[in-house]
Structure formats: structure tokens, C-alpha cells
Amino acid sequence: MKKQEPIYYLNGKFVAKSKAKISLWDLGFLRGYGVFDYIVTYKGGKPFLLKKHLKRLNNSAKIIGLKIPWSSNTLEKLIVKTLFKNKNGKEKIIRIIVTGGETMDGISLGSKPTLAIMVYDRKRYPASLYKRGVNVITFNYNRESPQAKSLNYIQAVKAMNIAKKKKAAEAVYVYKNLDKVYEGTQSSLFIIKKGTIFTPDGETLPGITRELINNICKKFYPTFMKEVKIDELFNADEVFLSASNKEILPVVKVDNKVIGNGKPGDITKQIMSEFRKFVESGRW
Ligand SMILES: Cc1ncc(COP(=O)(O)O)c(C=O)c1O
């Protein structure tokens, strides 16, 4: 039987993946001018923390000076409709993208933004990664407009290319000039030292998973958002990454230096289990 193509929403229409086309003059394509958000589903297709993702999408747009003419309510309805068109019993990834639209002169905003909603089957990371933990590399970079989830992932693509060659699951942005650790290319970062949990402060993407984990951590341990220095990453007792699809991924090596005893730590495992309970509760 022929595999059903995913159905996307694009500028007012539902179209099959192979028919979803945008203009080469789209500011997203031509100049990388646009924002997006990335949402997973659980529990038979319910988008996880959707309202928070849509709030962040709006904030990202504000930061780059793009006005989103659709209310979050309208976007939510469009997402639900797109999910319905793709219903096949599997959990999904939702990518919502808003760009500056089709430009007339290559730099001015188009008359209306481009809006795309892509829905496709969610692929989980192998269970073995969560059991054994992963290696990460560091990558020297200070993101532009770090609080915006903009389309500019140039350094992320470059860093992940290097990471893959080194058999690392993620690259963590550090900035040597300022002695700072920020986040992964597609994840937030947590470090644990002597029973205290830290996550790098403000100059990072406000991760939706990070916010949830912060609240879980606070129930059990002193938990802070603060500037994290590069040494603190290498000398941590435990390190983990968080992101919508990765959830909580333990890190056991940074640039080949072993973290803790080289295995996912006890606090990380406890937070992973609390996270799972929250997801399973369905109270979100
Ligand atoms: C730079 C960056 N930081 C953090 C995250 C994690 O964000 P969230 O937990 O909302 O998925 C992502 C997600 O892709 C990201 O791209």
C-alpha cells in the first residue's frame, strides 16, 4: 500500500507535502527572516504545552520585528485541524513557521507573512541513549537574538555536522571570550553540582521543556538560573539536556571529558522519572 503523504497547512490551504511550495522570493528563504516553533504530541495526539509554544512564537516574532496577524487562538485551531488531517494513531511533531512573506525587492516585508504548519510522525531517540547517556561537544558561538527561535540556525547546522563526525549527540554553545556556557544547538542545558541544579540564564532560548523541568527540580533541590562558566560545565557532577523531542537526555562526556562517574546521575534519573509522571498525568 502506498504510504500516505503528510498534509501541511500553507497560506490558507491544506496541501500534500510534495505540493507544498513557497516562492523563491519568500523572505524566509531569501534572507532567513522568520520564526518557528516545534511542538510534540503525547497521549494520542494532544499537543504538549501548546499555548506556551504559541506565546513563545509571538515573542520570537516580536524580537525580530515581525507582526503575526493571526491570534494564538486561530493558530491553535489551525494546528488542531492539521493534526486531524494527519491522524494515523502515531504521535506527531508540529512545526509552525512564520516568515516575512514574499518580498517585492528582496528586503522589504511582503504584504502578508507566510504561514506554514508541518505535521509529521514523531521519531523517538533510541532508549539506549537515555540509559547510557550521550557525548556532546562544545562549540564557540554566541547566538544572535538568543531569546528568539528564528530561522537562523546556520551555526547549529555547522556545529551538528562536526558533532556527528565526533559521534556526539549535541553541540553546546560556549563563548570563550566571555567565559560563558549557553545551551545546545537544539536543547537547553542543566548542570548539577553538589545537589544544586543550575541552568544558564537569560541569553538563551526560553526552552518550554526547561521551564517545566525547572519547576519540577525546584520541588526537590535548590535550583537556579545563573551565568554558567565553562569550567562549571566540565566539572559538573551531572549534566543533562532538555528539549521537546529529547525530553531529558543525560550527558556523560563533554569534549571527551567524563562527567561524574560516566553514567547518568541519580538526580538526573529522578528528574527524568518526575518528568514522565507529569506527562503521563495528562494534566497539562
Ligand atoms: C537553541 C535552542 N535552545 C533550546 C531548545 C529547547 O527548547 P524546547 O524545550 O522549547 O523544545 C531548542 C529547541 O529546539 C533550541 O533550538
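**View 1. The ligand shell by residue class.** The shell around the ligand holds four nonpolar, nine polar and four charged residues. Here Ala, Val, Leu, Ile, Met, Phe, Trp, Tyr, Cys and Pro count as nonpolar, Asp, Glu, Lys and Arg as charged, and the others, including Gly, as polar. The model is predicted: local features need pLDDT of at least 70, side-chain atom pairs count only at pLDDT 80 or more, and totals for chains, interfaces and linings use all residues. Residues are numbered from 1 along each chain as its sequence is written, and side-chain values use heavy atoms, without hydrogens and water.

**View 2. Residues around the ligand.** The ligand has 17 residues around it (a heavy atom within 4 Å). Arg56, Tyr153, Glu183, Thr209 and Ser244 come nearest. Strand S9 (180–184), helix H6 (208–220) and strand S13 (238–243) each give the shell at least two residues. Helices (H or I, at least four residues) and strands (E, at least two) are DSSP runs, numbered from the N terminus.

**View 3. Ligand oxygen atoms and their partners.** Polar contacts with the ligand are pairs of N or O atoms within 3.5 Å. A ligand oxygen lies 2.8 Å from a side-chain N or O atom of arginine 56. For lysine 149, a ligand oxygen is likewise 2.8 Å from an N or O atom in the side chain. A polar backbone atom of isoleucine 208 is 2.9 Å from an oxygen atom of the ligand. Alone, the ligand exposes 390 Å², and the protein buries 96% of that (Shrake-Rupley method, 1.4 Å probe).

Notes. A polar contact is a pair of N or O atoms within 3.5 Å; within protein, one must be able to donate a hydrogen and the other to accept it, and residues adjacent in sequence count only if both atoms are side-chain atoms.
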